[in-house]
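Work through the exercises below with the coordinates open, and compare each step with the solution that follows the task.

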Amino acid sequence: MRDVPLLVVVDMQRVFRDADSPWATPGFDELAEPITRLVDAYADRVVFTRFLVPEEPQGSWVPYYARWEEVTKPERKPWLDLAEPYASMHPRTIDKPAFSKWGPEMASLAGPSRTLVLCGVATDCCVIATAIPAADAGMFVRVVADACRGVNASAHERAIGLAAGFMDQIRITTVDEELSRINASRLAG
């Protein structure tokens with residue numbers, strides 16, 4: 001079923017869930033149910049991503065990590081693990097020390113479908129940073145708006161608005177629409 005789109009679950013990590021983290025994302029726990037529904041439906045066509053802190057930040061990452069020093073401390077390394085219930089799934093992951101998770105590995109996993117379905121956090125950072133370069137590379141991208149959260153509601157809405165501006169390449173969708181699509185695809189295949 002390599003013609004089925006690839007579901008990309010972006011950065012559902014402890015660092016974005018833990019209330020003590022400077023990167024805690026409001027509404028993170030609300031995503032467990034819709035994302036789990038998508039993961040179950042997409043089955044073997046799922047990849048999770050993780051944002052990693054580099055050993056030696058370079059360039060613009062140096063002042064970035066100076067600002068977010070708390071996440072660089074050795075005792076905070078477990079924050080980079082996937083949060084539950086995802087960690088227990090032991091999913092395939094793409095790990096990158098960058099906002100965008102797009103690259104050759106994701107393109108290969110997408111295969112002939114040339115379609116990515118994105119959900120996760122944060123809409124206004126890693127989700128949009130993955131969507132735009134993937135679209136620029138000729139991928140079809142769908143952002144599942146009700147299975148994403150941003151640093152706040154207005155940031156989420158701004159990112160969804162930005163993504164919607166890439167009309168034919170990036171489409172905004174919902175969990176229910178995606179479940180209907182994947183079920184129809186599986187019935188047809």
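The exercises concern fold, overall dimensions and aromatic pairs.

This is a predicted model, in which local features need pLDDT of at least 70 and side-chain atom pairs count only at pLDDT 80 or more, while totals for chains, interfaces and linings use all residues. Residues are numbered from 1 along each chain as its sequence is written, and side-chain values use heavy atoms, with hydrogens and water left out.

**Exercise 1.** Determine the order of the secondary structure elements of the chain.

Solution. Taking helices (H or I, at least four residues) and strands (E, at least two) as DSSP runs numbered from the N terminus, one finds six helices and six strands. Read from the N terminus, these elements run β-α-β-α-β-α-β-α-β-α-β-α.

**Exercise 2.** Compare the radius of gyration of the chain with that of a compact globule.

Solution. The radius is taken over C-alpha atoms, and the globule rule is 2.2 Å times the number of residues to the power 0.38. For 189 residues this rule gives a value near 16 Å, and the chain agrees because its radius of gyration is 16 Å.

**Exercise 3.** Classify the aromatic pair of F51 and W61, and locate both residues.

Solution. Rings of Phe, Tyr and Trp (its six-membered ring) pair if their centres lie within 6.5 Å, with planes under 30 degrees apart counting as stacked, over 60 as edge-to-face and the rest as tilted. By this rule there are twelve aromatic pairs. F51 and W61 form a tilted one, at 6.1 Å centre to centre and 50° between the planes. F51 lies in strand β2 (residues 46–51) and W61 in helix α2 (residues 61–67), ten residues apart.
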